[in-house]
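Please open the model in your viewer and keep the selection tool at hand. The stops below go from charged pairs to an internal space and then to the surface.

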Amino acid sequence: MPPQKPDIEATDPDLSGENGSKSSSNDTQFTEDAHSRRASVAAKLRNPLAGMTEQEVLRDVDVWVEEKELAEYCDEFRKGALIARVGQREDGFEYVSQLNEEEKGLLRHEITHRWDHPFMLYFLVVLCAGSAIVQGMDQTAVNGAQLYYFDEFNITNEWQQGLLNGAPYLCSALIGCWTNAPLNKLFGRRGTIFISCFISFVTGFWMAAADSWYNLLIARFALGFAVGAKSSTTPVYAAESAPKTIRGALTMMWQMWTAFGIMIGFVVSVAFENVDFMGEYSQWRWMLASTSIPPFLVMIQVYLCPESPRWYMEKGKYDKAFNALCRLRKHRIQAARDMYYAYKLLEVEQAEREGKNLFKEFFFVKRNRRAAQSSFFVMFMQQFCGVNVIAYYSSTIFEQAGFTRSNALLVSFGTGVTNWLFAIPAIYTIDTFGRRNLLLTTFPLMGLCLLWCGMSFFLPTDAEGEPTQARLASISAAIFIFMAVYSPGEGPVPFTYSAEAFPLYIRDVGMSFATATCWGFNFILSLTWPPLVRAFTPQGAFAWYAAWNFFGWVYCYFLLPETKNLTLEELDSVFSVGNRPFAKYYAGKLPWYVQKHVLRRDVPPMEPLYEFDGETPGLFGEREGEKT
């Protein structure tokens, strides 16, 4: 006997379009009408087909396929739309009577074997991984190269040294990040990745052939045009092409493969250390020239992959969008389901954008401004936690500590390996422990590691003035542990947090703002580290960035909301709570946490700041009941 078909719309709030989340009117300061409008839009963005009957969906599909000249695939789109209508329930397709048993079996297989996909999807994943490797390698190849080009060009001024190393990030913050939207609009996701990799390819050889320090400076500045567009476009391309069952994991892999590229940048420093047949200091030319190899491979591969189906739809090329999705899915029904659902989402987003000044919305709407503030903080702290001091200057730091140049390059390679290995668990921990939880745990640990590293420079040398093994080991251990702590915390959190904090209709503007913030402060750190060491000594310079980590913990606790596993409606409620009530609430809750978690006393629960279906956020943003 077949299972009785439940009234899905009446029983499942996700499918009926009901919000389900409550927001305290005392905290939001928004009118009920405005809140209702946002909730309605957010509900449509969760499932734009919610609330429609089967017959309404089928009529809409019949008209749509005629308009978009897809009538030959009408049957696939009718079935796909019905599956999308109940897609908030994993087993919703079981109650779609138009599907035969073979088609239902295919959809069951998709759930139980979520990594079983066509070759082309994995080919695209390799492309995105290669793009991330280009990004990471461009950042750290300079770590070893600077030891040689500073000598060749006789660059002794600390500000000049910092400017050379930080030039790509200045260009990226001022220009590169803001070219992302026009490049994507004109050339698509593939075209933007190709252009950015072409720039990386050309500038790699340009840097290697530079005959003066200012020629090298111009080449490094030009590299910045590639950095911003690539870092913004590649994760979006992966997310738009992947099915929802693995979308989050593929997007997170950007950080993991960037860390792998960072490690490869250290590898080439070690590999070309003794390649000096072109001159006494010519090793740096081989190190920087090697950065042209990964982007060349990505350029070859990129046009063998299909373009983003969403981009095709934005351009009105619906036949190409469907063909692209068919290459990325195992069955046409899956392609039709994902394409129709994506189109309806796009329809809602375009309606939200219509008639609005996005920059005005970004800065003058409280919910958006609060999201921007939080994204600014996590991006700022990704730089001022001090990690790129190690990424760009570790070989110099180890030489200052007393290592030989050869050993300094080798130990720097070890920091790259540590960074990559500890980035792998972040794919799991970021959605298990939450963004806020990870930052609150890692900020004080990173601060302590930097203090430890700085204070290790006070350890004495031996009678001959050579550093002792204890001094070298202490500095190395502090930096290695710092990298291990950074990788699952401030490594993946900023880009993940920023990508989900903004409403979809201003997400492009929000991500451009966030990435420009990241690369702008990256430039400041790169520029100022050499003069900072001269003015403060290594002890004071490391203490400076340790202090920023402790500041980060305070800010995070009192002002940073959690975003893990929140729906669009819930994010609207969270970011509508202002700084003052948020900070006041968590300041008042500190004694409660001491009583409950430190003294282990049985204390009554506090009134929640905001509620989601009766669940309340705990100390680190996790929902009460998930952990005690």
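Is arginine 435 buried or exposed? In this predicted model, arginine 435 has a relative accessible area of 4% and is therefore buried, the cut-off being under 20%. Select glutamate 500 next: the side chains of arginine 435 and glutamate 500 meet in a salt bridge, with 2.6 Å from N to O. This pair links distant parts of the chain, since arginine 435 belongs to helix α23 (residues 435-456) and glutamate 500 to helix α25 (residues 493-501), 65 residues apart. Glutamate 500, at 18% relative accessibility, also counts as buried.

Now move to arginine 337, whose salt bridge with glutamate 110 brings the closest N and O atoms to 2.9 Å. Arginine 337 lies in helix α17 (residues 332-353) and glutamate 110 in helix α7 (residues 101-112), so the pair ties together parts that are 227 residues apart in sequence. Both arginine 337 and glutamate 110 are buried. Add aspartate 338, which forms a salt bridge with arginine 337 at 2.8 Å between the closest N and O atoms.

For the internal space, select Gln139, Gln255, Thr258, Ile262 and Tyr486, which lie nearest the centre of the largest cavity among its 24 lining residues. This cavity has a volume of about 280 Å³, and its lining comprises 12 nonpolar, 12 polar and no charged residues. Helix α12 provides the largest share of that lining, six residues.

Finally, turn to the surface and select Trp178, Phe359, Phe363 and Phe364, which make a nonpolar patch of about 470 Å². Phenylalanine 364, in helix α18 (residues 358-364), counts as exposed at 65% relative accessibility.

Conventions
Residues are numbered from 1 along each chain as its sequence is written. This is a predicted model: local features need pLDDT of at least 70, side-chain atom pairs count only at pLDDT 80 or more; totals for chains, interfaces and linings use all residues. Side-chain values use heavy atoms; hydrogens and water are left out. On a 1 Å grid over the protein atoms alone, a cavity is a set of points where a 1.4 Å probe fits but cannot get out, and a pocket is an open set with protein on both sides within 12 Å along at least five of seven lines; lining residues have an atom within 4 Å of a point. Grid points are joined across faces, edges and corners, and a volume is the space filled by probe spheres set on the points. Helices (H or I, at least four residues) and strands (E, at least two) are DSSP runs, numbered from the N terminus. Ala, Val, Leu, Ile, Met, Phe, Trp, Tyr, Cys and Pro count as nonpolar, Asp, Glu, Lys and Arg as charged, and the others, Gly among them, as polar. Patches are made of residues with over 30% relative accessible area and no salt bridge: like charges are joined within 9 Å, nonpolar side chains (Val, Leu, Ile, Met, Phe, Trp, Tyr) within 5 Å. Accessible areas come from the Shrake-Rupley method with a 1.4 Å probe; for residues, only the protein chains shown count as cover. A salt bridge is a side-chain nitrogen of Lys or Arg within 4 Å of a carboxyl oxygen of Asp or Glu. Buried means under 20% relative accessible area, exposed over 50%, partly exposed in between (1.4 Å probe, protein chains only).
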